[in-house]
Amino acid sequence: MNLLIEQNEKYLEEFVAEWSSAYADGKVFGFGMSYKAMLPSFLPSEMSTKLGGIYDNNAEMQGKIINGHKVLSPSAISKGSGEKYLVYTVDYVGVKNQLAFLGLTEYEDFCRYSDFLCLWHWFKNSTLFIPTLHVSVTTKCTLKCESCNMFMPKYQEHVSISLDELKEDLNKLFTYVDYIQDLEILGGEPLLYKELSQYIQYIYDNYSSQIGAVSIITNGTLIPDEELMRQAKRYNIRFVISDYTPAQVAGYPEKLEKLLSLFEKSNIHHRLSTFATWKEFDASGELSTLTTNELRDHYIRCSPPFKGLANGRFYPCHITWSADLSGKMQDTASDYIDLSVSSTSSDLKYNILRANMGWWKNGHLALCQFCRGCDAAFPNEIPVARQVKKG
């Protein structure tokens, strides 16, 4: 049974019970940033202390002993063993295809950690847990990537979100949400946002106990100001730097090296995110003839990881907000959850849980007709961060 389609509460509660029992000895696929980020935050205590096996694609990790267990290659996974694996990885779709090739079945043999944890906390603690949430503070950017997945080159006029609006969005969200593992601040280029430090301070003054970590996603072209550097040390803010060196933008390698050197010298938590290729999200009419059922299947295969907060709304795919703002498409009330609408708290919380899990009232979003997303059925690999030609 597909967990992304199944919405029967009895089945879901049974799923949580079965996986909680099977996870007593903790089989983990992926021991990188995703897993480590969970340890100090919202993992059930029995899962953070027990670890029965570790599998990882990183050849440099394989053979190492962690928590008394040797990190194994996925080739050691065998079909029919009865073991269950929680997958901690950014590239869940890629690992999902890899495990399926080995003969394993999603939600029977393996499951994305965030899917399980969202349900675990809902049924065990009556709390609403969101693994990752995006907040875009500006659409302005120092680069002009031709195939930006936020459709930034489509904008006729770029905007920065007011600080008051950003604060109010958080206030509305935390009326219903109990905990966010990772709040990711992005743009455009967020370091262009003049009130970023004030926004960071508001987050920690008001919601530090409800957020595991704050990350800033930057393209590596700008240096944080002194106040932001102080906050980064004080609150252990994580910088995720997108490495666009392959794009061969003039002066970019020097700017990136300067930023990395500063972070190393200042002992600032940072990670360089590298890409062999990008995927062209803009479908340019390619998906316009898909039927409702085909669009639903496209949405499920994509399993959009970009949950977002904007305009007082929770977006199951944050790209919808930017696509609408850029003029690429027009969103409708069926593409988001309005956090301002009068509703009982339990009803709205459950709707947010469903949206976060990938269950959507129409089966897909309006954006799905315009965007390939992360769906492997519509591949279109392109060069990383190719810039729009001037003129």
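1. Cysteine 148 sits in the loop between β7 and α6 of this predicted model. Leaving aside residues up to four places away in sequence, cysteine 148 touches Pro153 and Trp278. Glycine 312 is 164 residues from cysteine 148 in sequence, and the two C-alpha atoms are 24 Å apart in space.

2. The strand before that loop deserves a look. Strand β7 covers residues 129-136, and 7 of its 8 residues are buried, so the rest of the structure largely encloses it. β7 and β8 run parallel and are joined by 7 bridges. One pair to find on screen is threonine 132, whose bridge partner in β8 is aspartate 182. Together with helix α6 (residues 163-173), β7 and β8 make a right-handed β-α-β unit.

3. After β8 comes a point of backbone geometry. Glycine 187 and glycine 188 are joined by a cis peptide bond, with omega at about 10 degrees. Glycine 188 belongs to the loop between β8 (179-186) and α7 (196-207).

4. A β-α-β arrangement also involves β10 and β11. Strand β10 (residues 238-242) and strand β11 (residues 270-273) run parallel, with 4 bridges between them. Going from β10 to β11, the chain passes through helix α9 (residues 252-266), and this β-α-β crossover is right-handed. Valine 240 has arginine 271 as its bridge partner in β11.

5. Strands of a sheet pair through backbone hydrogen bonds, and the pairing is either parallel or antiparallel. The open sheet here has 6 strands in the order β3-β4-β2-β1-β5-β6, and its pairing is mixed. Which strands stand at the edges? They are β3 (65-66) and β6, each with a single partner strand, so one side of each has no neighbour in the sheet. Within this sheet, strand β1 (residues 27-29) pairs with strand β2 (residues 53-55) in the parallel sense over 3 bridges. Phenylalanine 29 stands opposite tyrosine 55 in β2.

6. Two helices can be placed against this sheet. α4 packs on the sheet and touches β1, β5 (85-87) and β6. The direction of α4 makes about 175 degrees with that of β6. Helix α5 (residues 113-125) lies across β5 and β6, and runs at about 75 degrees to β6.

7. α4 also has a partner in α10. Helix α10 spans residues 292-302, and its buried residues are Leu295, His298, Tyr299, Ile300 and Cys302. These buried residues pack against α4 (92-101). Serine 303 follows α10 and has a positive phi, near 45 degrees.

8. Two further residues have positive phi. Tyrosine 107 is not a glycine, yet its phi is positive at about 70 degrees. Its place is in the loop between α4 and β6 (110-112). Asparagine 236, another residue other than glycine, has a positive phi near 55 degrees. This asparagine 236 is in the loop between α8 (226-235) and β10.

9. Are tyrosine 107 and asparagine 236 buried or partly exposed? Tyrosine 107 counts as buried because its relative accessible area is 4%, and buried means under 20%. Asparagine 236 is partly exposed, with a relative accessible area of 48%.

10. How many cavities of 30 Å³ or more does the structure hold? There are 3. The largest has about 100 Å³ of space. It is lined by 14 residues, and the closest to its centre are Cys302, Cys317, Leu367, Cys368 and Cys371. α10 gives the most to this lining, with 3 residues. Cys302 was listed above among the buried residues of α10.

11. Threonine 289 lies in the loop between β12 (278-279) and α10. Is threonine 289 buried or exposed? Its relative accessibility is 69%, so threonine 289 counts as exposed, the cut-off being over 50%. From threonine 289 to arginine 112 there are 177 residues in sequence and 31 Å in space, C-alpha to C-alpha.

Note on methods: Residues are numbered from 1 along each chain as its sequence is written. This is a predicted model: local features need pLDDT of at least 70, side-chain atom pairs count only at pLDDT 80 or more; totals for chains, interfaces and linings use all residues. Side-chain values use heavy atoms; hydrogens and water are left out. Buried means under 20% relative accessible area, exposed over 50%, partly exposed in between (1.4 Å probe, protein chains only). Contact means heavy atoms within 4.5 Å. Two strands pair if DSSP finds at least two bridges between them. A crossover is right-handed if, with the strands pointing away from the viewer, the path from the first strand over the helix to the second runs clockwise. Axes are lines fitted to C-alpha atoms, for helices over the stretch in contact, and angles run from 0 to 180 degrees between N-to-C directions. On a 1 Å grid over the protein atoms alone, a cavity is a set of points where a 1.4 Å probe fits but cannot get out, and a pocket is an open set with protein on both sides within 12 Å along at least five of seven lines; lining residues have an atom within 4 Å of a point. Grid points are joined across faces, edges and corners, and a volume is the space filled by probe spheres set on the points.
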